[in-house]
Amino acid sequence: MKKSILFVLAAAALCSCNGNRYTIKGELAQKGTTDTVRLMSLTQTDAPEIASAPVDLEGNFTFKGEVTQPDITVLTDKRGQGLGILFLEPGQIEVTPAPLGQAHGLIQTSGTPSNDAFASIQEKMTVLQGQLF
């Protein structure tokens with residue numbers, strides 16, 4: 001698992017040649033449960049909150065910004081409840097509700113190399129858990 005995460009971070013570093021801009025467009029499955037989502041760094045302990053965004057009544061939100069280096073983040077609701085892991089890197093990142101039975105988190109991410117690779121890992125873990133339990 002550690003090797004997979006290191007691979008994902010290495011891929012993010014190599015693919016950062018499109019500039020440093022990112023856009024995260026997302027949708028939460030449980031509409032109306034929070035009015036704000038926060039993007040929190042899992043590696044920067046001195047200033048973990050990277051950004052926050054309002055959530056509309058349909059559960060949609062958007063983040064836009066610049067990233068100086070790829071980062072592993074967690075998307076949280078306004079109370080700090082973790083919704084799932086997201087790799088912050090340049091590009092267009094899509095956040096959708098996770099399929100039922102997914103091994104980790106309430107969201108699924110895609111659109112950039114690291115997030116696509118992480119989604120593939122999550123799918124394989126879900127299959128493995130289904131076989132074990």
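Biologist: In the hairpin that β5 and β6 form, which residue of the turn has a positive phi?
Modeller: The structure here is a predicted model, and in it β5 and β6 make a hairpin with 4 residues between the two strands. β5 covers residues 71–77, and it pairs with β6 in the antiparallel sense over 6 bridges. Within the turn that joins these strands, a positive phi of about 90° belongs to G80.

Biologist: Which residue of β6 is the bridge partner of T76?
Modeller: The pairing of β5 with β6 is antiparallel, and two residue pairs help to trace it along the strands. One of them sets I72 opposite F87 in β6. For T76, the bridge partner in β6 is G82.

Biologist: D77 is found in strand β5; is it buried or exposed?
Modeller: The side chain of D77 reaches the backbone nitrogen of R79 at 3.0 Å, and it also reaches the backbone nitrogen of Q81 at 2.9 Å. Not counting residues up to four places away in sequence, D77 touches T34, T36, R38 and L83. Its relative accessible area is 6%, and because a value under 20% is the cut-off, D77 counts as buried.

Biologist: What is the order of the strands in the open sheet of 4 strands?
Modeller: The pairing in this sheet is antiparallel. β3 (49–54) and β6 (82–88) stand at the edges, each with a single partner strand, so one side of each has no neighbour in the sheet. From one strand to the next the twist averages 25°. Read across the sheet, the order is β3-β2-β5-β6.

Biologist: How many of the 7 residues of β6 are buried?
Modeller: Although β6 stands at an edge of the sheet with a single partner strand, it is largely enclosed by the rest of the structure. F87, which stands opposite I72, counts as buried at 2% relative accessibility. Of the 7 residues in the strand, the number that are buried is 5.

Biologist: Which strand supplies the largest share of the largest nonpolar core?
Modeller: This core has 18 residues, of which I24, V37, F61, F63 and L75 touch the most other members. At least two residues of the core come from each of β1, β2, β3, β4 (60–66), β6 and β7 (91–97). The largest share, 3 residues, comes from β6.

Biologist: What angle lies between the planes of F61 and F63?
Modeller: A pair of aromatic rings is described by the distance of the centres and the angle of the planes. The count of aromatic pairs comes to 2, and one of them is formed by F61 and F63, with 5.9 Å from centre to centre. F61 counts as buried at 3% relative accessibility, and F63 counts as buried at 2%. The pair is edge-to-face, with an angle between the planes of 75°.

Biologist: Which helix holds F118, whose ring pairs with that of F87?
Modeller: The rings of F87 and F118 have their centres 5.3 Å apart and their planes at 70°, and because angles over 60 degrees count as edge-to-face, this pair is given that name. F118 counts as buried at 8% relative accessibility. The pair links distant parts of the chain, 31 residues apart, with F87 in strand β6 and F118 in helix α2.

Biologist: Which residue is 20 residues from D35 in sequence and 4.8 Å from it in space, C-alpha to C-alpha?
Modeller: D35 is found in the loop between β1 (21–27) and β2 (36–41), and at 42% relative accessibility it counts as partly exposed. A polar contact of 3.2 Å joins its side chain to that of T36. Leaving aside neighbours within four places in sequence, D35 is in contact with A53, P54, V55 and K78. Among these, the one at that spacing is V55.

Biologist: What share of the 133 residues in the chain is buried?
Modeller: The chain has 2 helices and 8 strands, which follow the pattern α-β-β-β-β-β-β-β-β-α along the sequence. Among contacts between residues at least 6 apart in sequence, 55% join residues at least 24 apart. Of the 133 residues, the buried ones make up 38%.

Notes:
Residues are numbered from 1 along each chain as its sequence is written. This is a predicted model: local features need pLDDT of at least 70, side-chain atom pairs count only at pLDDT 80 or more; totals for chains, interfaces and linings use all residues. Side-chain values use heavy atoms; hydrogens and water are left out. Two strands pair if DSSP finds at least two bridges between them. Axes are lines fitted to C-alpha atoms, for helices over the stretch in contact, and angles run from 0 to 180 degrees between N-to-C directions. Rings of Phe, Tyr and Trp (its six-membered ring) pair if their centres lie within 6.5 Å; planes under 30 degrees apart count as stacked, over 60 as edge-to-face and the rest as tilted. Buried means under 20% relative accessible area, exposed over 50%, partly exposed in between (1.4 Å probe, protein chains only). Contact means heavy atoms within 4.5 Å. A polar contact is a pair of N or O atoms within 3.5 Å; within protein, one must be able to donate a hydrogen and the other to accept it, and residues adjacent in sequence count only if both atoms are side-chain atoms. A nonpolar core is a set of buried Ala, Val, Leu, Ile, Met, Phe, Trp, Tyr and Cys residues joined through side-chain atoms within 4.5 Å.
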